Amino acid sequence: MSTATNLHQVSRKGAAAATGGQPILTVDHVVKSFETPQGKVTAVDDMSLDVRQGEFVSVIGPSGCGKSTLFNMIGGLLSITEGEIAVAGERVNGPHPSIGMVFQEESTFPWRTVEENVAFPLEIQGVGKAERLERAQHFIKLVGLQGFEKRFPAELSGGMRQRVAIARTLAFQPKLLLMDEPFAALDEQTRLLLGDKVTQIQQELNQTVVLITHNITEAVQLSDRILIMTYRPGRTKRIIDIDLPRPRTSEIVGSDAFGRYVAEIWNDLREEASQGMQDEEALAQQRKRP
Ligand SMILES: Nc1ncnc2c1ncn2[C@@H]1O[C@H](COP(=O)(O)OP(=O)(O)OP(=O)(O)O)[C@@H](O)[C@H]1O
Ligand SMILES: [Mg+2]
């Protein structure tokens, strides 16, 4: 079998498309503006996106382009100015159990052990102790933290703590896993290896994921599709299909095809990021003036 055919046959995009059906996430002509003392700021402008069951989609863009604003609207933490967002066919108008969110900041509970952290959402749902510990164990194993159940977050590395946060979010069994720069505080090697873990879990659970990031390598390593945002107001600049084979590990980072995707995305992002830098410099100059 030729490599090209091989790539095509194991592509997740193909697998996701084959499942057909309704998209899990629909972002339909969404706009978000903020009223500020300096006037109206449009952070997200007319964005639309459909994500199918089992797809891994990353949203990438320069700092300040509106990524977290979009993330918070999808998660129901922020109101929408115009347009509509739906998850599993239900309109989002507040936090929703179909959506599991993982944030950049440390979000483990330091006073709870690993298993108590992971079991927390089940406790909220009223699941009995024996069952929730058993279910927590399943997700702890999934993220590769077996043996650390009784440890406290302070005894773990940053990468392990983020795995606890991911396991806890997965324990909810969300229809959509939404992550905003979850690996930003980690060094590059840990990030790549954690990426392997995330890929493996996503494949095993056929989990639908939307990842917000500004890291191109991470986006290409993990995604079926990448949405590139423009710098302020945040709009869709382009959506790129990542046709790299699955199962996929971080070894792929060294391949020519990977390098071509990175170069292509950087080409798009460079324009947007330099616009952002120019704006910031102009603002700094204005502030300096008496
Ligand atoms: N509550 C708010 N009030 C006013 N403006 C806001 C508010 N939240 C965000 N903004 C503005 O909206 C724009 C987008 O912000 P957002 O945090 O979504 O960017 P981002 O892409 O997540 O950036 P970063 O990569 O730095 O996290 C910025 O110009 C920001 O100043
Ligand atoms: Mg952000």
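**Group meeting talk: a walk through one predicted model**

Okay, let's start at a hairpin: strands S4 and S5 run antiparallel, and two bridges join them. Before I go on, please remember that this is a predicted model. In that pairing, Val87 has Glu90 of S5 as its bridge partner. The hairpin leaves two residues between its strands, and Ala88 there takes a positive phi near 50°.

Now let's zoom out to the sheet. Which strands sit beside each other? The order is S2-S1-S4-S5, an open sheet of four strands with antiparallel pairing. S2, residues 39-51, and S5 are the edge strands, each pairing on one side only.

How many bridges hold S1 to its partners? Between S1 and S2, which run antiparallel, there are nine. Between S1, residues 25-36, and S4, residues 82-87, there are five, again antiparallel. If you want one residue to follow on screen, pick Val27. Its bridge partner in S2 is Leu49, and in S4 it stands opposite Ile85. While you're looking at it, here's a handy rule: in a regular strand, the side chains alternate between the two faces of the sheet.

Next, the ligand. Which residues surround ligand 1? The shell is made of Phe34, Thr36, Ala43, Pro62, Ser63, Gly64, Cys65, Gly66, Lys67, Ser68, Thr69 and Arg232. S1, which we just met in the sheet, supplies at least two residues of that shell, and so does H3. H3 gives the most, with three residues.

Let's look at the polar atoms there. A polar backbone atom of Gly64 is 2.8 Å from an oxygen atom of ligand 1. For Cys65, a backbone N or O atom lies 3.2 Å from an oxygen atom of the ligand. With Lys67 we switch to the side chain: one of its polar atoms lies 2.8 Å from a ligand oxygen. As for cover, ligand 1 taken alone exposes 640 Å², and the protein buries 62% of that.

Let's stay with H3 for a moment. Is this helix enclosed or open? Six of the eight residues in H3, residues 67-74, are buried, so the helix is largely enclosed by the rest of the structure. The buried ones are Lys67, Thr69, Leu70, Phe71, Met73 and Ile74. So Lys67 turns up twice in this story: it is buried, and its side chain reaches a ligand oxygen at 2.8 Å. After H3 comes Gly76, with a positive phi near 80°.

Lys67 also leads us to another residue, Thr213, which sits in strand S8. Is Thr213 buried or exposed? It's buried, at a relative accessible area of 0%. Leaving aside neighbours within four places in sequence, Thr213 is in contact with Ser58, Val59, Ile60, Gly61, Lys67, Glu181, Glu218 and Ala219. With Glu218 there is a polar contact, side chain to side chain, at 3.0 Å.

Over in strand S3, residues 56-60, we find Val57. Why do we call Val57 buried? Because its relative accessibility is 1%, and the cut-off for buried is under 20%. Not counting residues up to four places away in sequence, Val57 touches Leu49, Val51, Val209, Val210, Leu211, Ser223 and Arg225. You'll recognise Leu49 as the bridge partner of Val27. Here's a nice one for thinking about folding up a chain: Val57 and Asp243 are 186 residues apart along the chain, and their C-alpha atoms are separated by 13 Å.

Last topic, the nonpolar cores. Which residues have the most contacts inside the largest one? That core has 30 residues, and the answer is Val118, Phe139, Ile166, Leu170, Met179 and Phe183. Two or more residues each come from helices H4 (114-124), H5 (129-142), H6 (158-171) and H7 (188-205), and from strands S7 (176-180) and S8 (208-213). H6 gives the most, with six residues. Take Phe139 as an example: leaving aside neighbours within four places in sequence, it is in contact with Val118, Ala167, Leu170, Ala171 and Gln173.

There's also a second, separate core of 26 residues, including Val30, Val59, Val210 and Met229. Two of those names have come up already: Val59 as a contact of Thr213, and Val210 as a residue touched by Val57. That's my tour, thanks for listening!

Note on methods
Residues are numbered from 1 along each chain as its sequence is written. Chains are lettered from A and ligands numbered from 1 in the order in which they are written. This is a predicted model: local features need pLDDT of at least 70, side-chain atom pairs count only at pLDDT 80 or more; totals for chains, interfaces and linings use all residues. Side-chain values use heavy atoms; hydrogens and water are left out. Two strands pair if DSSP finds at least two bridges between them. A nonpolar core is a set of buried Ala, Val, Leu, Ile, Met, Phe, Trp, Tyr and Cys residues joined through side-chain atoms within 4.5 Å. Buried means under 20% relative accessible area, exposed over 50%, partly exposed in between (1.4 Å probe, protein chains only). Contact means heavy atoms within 4.5 Å. A polar contact is a pair of N or O atoms within 3.5 Å; within protein, one must be able to donate a hydrogen and the other to accept it, and residues adjacent in sequence count only if both atoms are side-chain atoms. A residue is near a molecule or strand if one of its heavy atoms lies within 4 Å of it. Accessible areas come from the Shrake-Rupley method with a 1.4 Å probe; for residues, only the protein chains shown count as cover.
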